[in-house]
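Trainee: I would like to go through this structure with you. Could we start with the local backbone and then move on to other topics?
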Amino acid sequence: MAWGALRKGQVLSGHGCFGRYLCRLGREVTSGCHHCDTDDEDTALHTLQECPAWTEQRRDLVAVTGSDLSLPAVVRTMVGSTTGWNAVSSFCERVMLAKEEAERERERTSLLRSRQRRTRRRRRASQDLQPP
């Protein structure tokens with residue numbers, strides 16, 4: 001399966017790098033959006049319609065779809081023309097790629113922090129074993 005098709009599927013199904021989905025899988029502790037300062041839950045619809053982090057990408061999509069970014073309207077746009085298909089594909093590819101990279105960075109940072117905590121504990125434990 002091509003990455004573009006996978007990323008469109010993630011946006012259409014909500015099964016991708018979205019806080020709600022990752023929280024449900026146990027990969028995130030919160031379902032909030034990491035990309036904006038709102039308290040909104042990170043869902044496919046939040047990403048597609050509201051999140052200010054994706055305003056530029058959304059502008060290109062709205063130029064083709066119009067202001068209705070509901071899932072039925074987006075699907076109609078996709079199947080309605082090659083231009084519509086390409087606009088939706090481009091949005092999904094650009095946004096989901098950025099969200100995936102951000103998730104990987106959060107995982108790396110989390111892993112580094114947990115390694116640092118373990119190393120400090122080992123140092124303390126070995127210092128406790130030293131003769132007085």
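Mentor: Certainly. Just after H4, glycine 66 adopts a positive phi of about 90 degrees. Please bear in mind that this is a predicted model.

Trainee: Which residues of helix H4 are buried?

Mentor: Helix H4 spans residues 55-65, and its buried residues are Gln57, Arg58, Leu61 and Thr65. These lie on the same side of H4, because they cover an arc of only 95 degrees around the axis.

Trainee: And what does the face turned away from that buried side carry?

Mentor: That face of H4 carries the exposed residues Glu56, Arg59 and Ala63.

Trainee: Why would buried residues fall on one side of a helix at all?

Mentor: An α-helix has 3.6 residues a turn, so residues three or four places apart point the same way.

Trainee: Now H5: which residues are buried there?

Mentor: In helix H5, residues 71-80, the buried ones are Ala73, Val74, Thr77 and Met78. They share the same side of H5, because their arc around the axis is only 140 degrees. Pro72, Arg76, Val79 and Gly80 are exposed on the other side of H5.

Trainee: Changing topic, how many cavities of 30 Å³ or more are there?

Mentor: The search of the whole structure finds 1. This cavity holds about 40 Å³ of space.

Trainee: What lines it?

Mentor: The lining consists of Cys17, Phe18, Gly19, Leu22, Glu28, His34, His35, Asp42, Lys99 and Arg106. By class, the lining has 3 nonpolar, 3 polar and 4 charged residues.

Trainee: Which helices each supply at least two of the lining residues?

Mentor: Helix H2 (19-25) and helix H6 (82-128) do.

Terms used:
Residues are numbered from 1 along each chain as its sequence is written. This is a predicted model: local features need pLDDT of at least 70, side-chain atom pairs count only at pLDDT 80 or more; totals for chains, interfaces and linings use all residues. Side-chain values use heavy atoms; hydrogens and water are left out. On a 1 Å grid over the protein atoms alone, a cavity is a set of points where a 1.4 Å probe fits but cannot get out, and a pocket is an open set with protein on both sides within 12 Å along at least five of seven lines; lining residues have an atom within 4 Å of a point. Grid points are joined across faces, edges and corners, and a volume is the space filled by probe spheres set on the points. Helices (H or I, at least four residues) and strands (E, at least two) are DSSP runs, numbered from the N terminus. Ala, Val, Leu, Ile, Met, Phe, Trp, Tyr, Cys and Pro count as nonpolar, Asp, Glu, Lys and Arg as charged, and the others, Gly among them, as polar. Buried means under 20% relative accessible area, exposed over 50%, partly exposed in between (1.4 Å probe, protein chains only). The arc is that of the directions from the helix axis to the C-beta atoms.
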